[in-house]
Number of protein chains: 2
Amino acid sequence: MIARKIFKGLDLSKEEFDLISSNFEQVSYRKGDIILKIGEEVPYQYYVEDGCLRTFFEDKKGKEHTLQFAVKDWWISDYTAFINSRVAIMNIECIQDVILHRMTYEQLESIYREVPKVESFFRRKLERAFASFQNRILSNLADSAQERYLSFLKTYPEVDRNVKNYHIASYLGITTETLSRIRKRLAGE
Amino acid sequence: MIARKIFKGLDLSKEEFDLISSNFEQVSYRKGDIILKIGEEVPYQYYVEDGCLRTFFEDKKGKEHTLQFAVKDWWISDYTAFINSRVAIMNIECIQDVILHRMTYEQLESIYREVPKVESFFRRKLERAFASFQNRILSNLADSAQERYLSFLKTYPEVDRNVKNYHIASYLGITTETLSRIRKRLAGE
DNA sequence: TCATCATTTTATCATAGGTCAATTTTTACT
DNA sequence: AGTAAAAATTGACCTATGATAAAATGATGA
């Protein structure tokens, strides 16, 4: 049962796990599928059972920028749009075939009511996401492209294994050519 | 009573406001004071009644980078350290003379217990802070220094009025010379 | 296995922004 | 008001990264 996997840190009864599970819906998509488009409503947040996805947007010049990746056991959505019932400001793309478990905001709230521990679980998640955004800002301010690439590899080796270099470049805010040069430089050290 | 000002959005009884107020302690500092240093415990978060502050750190080369500003009616702390009982990874500096109201994490939790509405209040604050960090990352990825400066002015005119250009530069991730050139370019348009 | 398409690398040149040093302007203090 | 210190601007030069184009490598599917 997927809820046991998703909330494995929490000490919940069988009934609670059942109740939570009844609020998840399993869905699958193929590599390349866009499961959320800018401007659409954001009905779901997704738990990733398997596969890899990213959120990204296009700037005025048509260049893509990746905000976040999600691999096995992570969550993904246009989070701020999801919780505020706004339309998406980012796309979500499947980088590989994926198996997801999705829930609506109403379902999330109903779980909060029935199983309060879940609310703390998500609050801690939000706090960690906040901290990681903060680190990214600090790293943008203080570090060179090469340093940011190295700390990306160190922090998210699991992501590195699953995405193309041009995805990483668009996450780091550099071109694939620059990333290629950085990799060459690192190789020859 | 300061609690009425701080939680002005919330519909609370006089008793609740009193209880909350009893958990705040008013403190004042002079311009230039560093009220939190990297490596120290982070006992407090601060509500700004008046004045202006910033959180910043120094990189290996000794260059300062500003993560956040706080002006009247904002909160400031090394938030992730505060909630996780870690030591500070940023300094907090008073850019002007300030009047603050501080509380410890224990006091915060005790307020949560007594006045649950306050917990939602802070959760919404965290969500907004999260969204603003996200916007900053997106803007770093997609926008030029000039565009970032313009959107800073638009989003935080109140901050602009209270800080030096070199503070803004260290927030935008550029040098004061570059900011000066951008300002000149904008003036001649 | 070949052929095609996607991805990465390489080379050349262009540019935004950084560095350093000097100067001007603003602010704060006596 | 007058002076010293702080902040902002300017100029000359430098560097990391971007843009463009082409070549090399890797992956995929008939």
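**Close-up 1. A backbone contact between A:Gly173 and DNA strand D.** In this predicted model, a polar backbone atom of A:Gly173 sits 3.4 Å from a phosphate oxygen of DNA strand D. Chain B offers a backbone atom too: an N or O atom of B:Asn165 is 3.0 Å from a phosphate oxygen of this strand. A:Arg181 brings its side chain instead, with an N or O atom placed 2.8 Å from a base nitrogen of DNA strand D.

**Close-up 2. The protein surface around DNA strand D.** Stepping back from the individual contacts, we find 17 residues surrounding DNA strand D, and the closest are A:Glu177, A:Thr178, A:Arg181, B:Tyr166 and B:Arg181. Of the atoms of DNA strand D that come within 4 Å of the protein, 66% belong to sugar and phosphate. Which elements each supply at least two residues of this surface? They are α9 of chain A, along with α8 (165–172) and α9 (176–187) of chain B. The most comes from α9(B), which gives six residues. Sorted by class, the surface near DNA strand D holds eight charged, six polar and three nonpolar residues.

**Close-up 3. Polar contacts with the phosphates of DNA strand C.** Now turn to the other strand in these legends, where A:Tyr166 has a polar side-chain atom 2.8 Å from a phosphate oxygen of DNA strand C. The side chain of A:Arg183 also takes part, with an N or O atom 3.4 Å from a phosphate oxygen. From chain B, a polar backbone atom of B:Ala145 lies 2.9 Å from a phosphate oxygen of DNA strand C. Two or more residues of the surface near this strand come from each of α8 and α9 of chain A and α9 of chain B.

**Close-up 4. The residues around DNA strand C.** Here 18 residues lie around DNA strand C, and those that come nearest are A:Asn165, A:Tyr166, A:Lys184, B:Ala145 and B:Thr178. Sugar and phosphate make up 73% of the strand's atoms that come within 4 Å of the protein. Which helix gives the most to this surface? It is α9(A), with six residues. The surface near DNA strand C is made of eight charged, seven polar and three nonpolar residues.

**Close-up 5. Helices α8 and α9 of chain A packed together.** Two packed helices are described by the angle between their axes and the distance between the axes. For α8 (residues 165–172) and α9 (residues 176–187) of chain A, the angle is about 105 degrees and the axes are 9 Å apart. An angle from 65 to 115 degrees counts as roughly perpendicular, so that is how α8(A) and α9(A) are described. A:Asn165, A:Tyr166, A:Ile168 and A:Ala169 make the contact from α8(A), meeting A:Thr176, A:Leu179 and A:Arg183 of α9(A). By class, these are four nonpolar, two polar and one charged residues.

**Close-up 6. A:Asp73 and B:Asp73 in their loops.** In chain A, look for A:Asp73 in the loop between β5 (64–70) and β6 (75–76). Its phi is near 75 degrees, a positive value in a residue other than glycine. With a relative accessible area of 31%, A:Asp73 is partly exposed. In chain B, B:Asp73 is found in the loop between β5 (64–70) and β6 (75–76), with phi near 75 degrees and a relative accessible area of 31%.

**Close-up 7. A:Gly188 in the segment after α9.** This glycine of chain A follows helix α9. A:Gly188 counts as exposed because its relative accessibility is 68%, above the 50% cut-off. A:Gly188 is 51 residues from A:Ile137 in sequence, and their C-alpha atoms are 29 Å apart in space.

Methods: Residues numbered from 1 in each chain as written. Chains lettered and ligands numbered in written order. Predicted model: local features only at pLDDT ≥ 70, side-chain atom pairs only at ≥ 80, totals over all residues. Heavy atoms only, no water. Helix = DSSP H or I, 4+ residues; strand = E, 2+ residues; numbered from the N terminus. Buried < 20%, exposed > 50% of the residue type's maximum accessible area, 1.4 Å probe, protein only. Axes fitted to C-alpha atoms, helices over the stretch in contact; angles between N-to-C directions. Parallel < 35°, antiparallel > 145°, perpendicular 65-115°, else oblique. Contact = heavy atoms within 4.5 Å. Nonpolar A, V, L, I, M, F, W, Y, C, P; charged D, E, K, R; others polar. Near = heavy atom within 4 Å. Polar contact = N/O pair within 3.5 Å; in protein donor to acceptor, adjacent residues only side chain to side chain.
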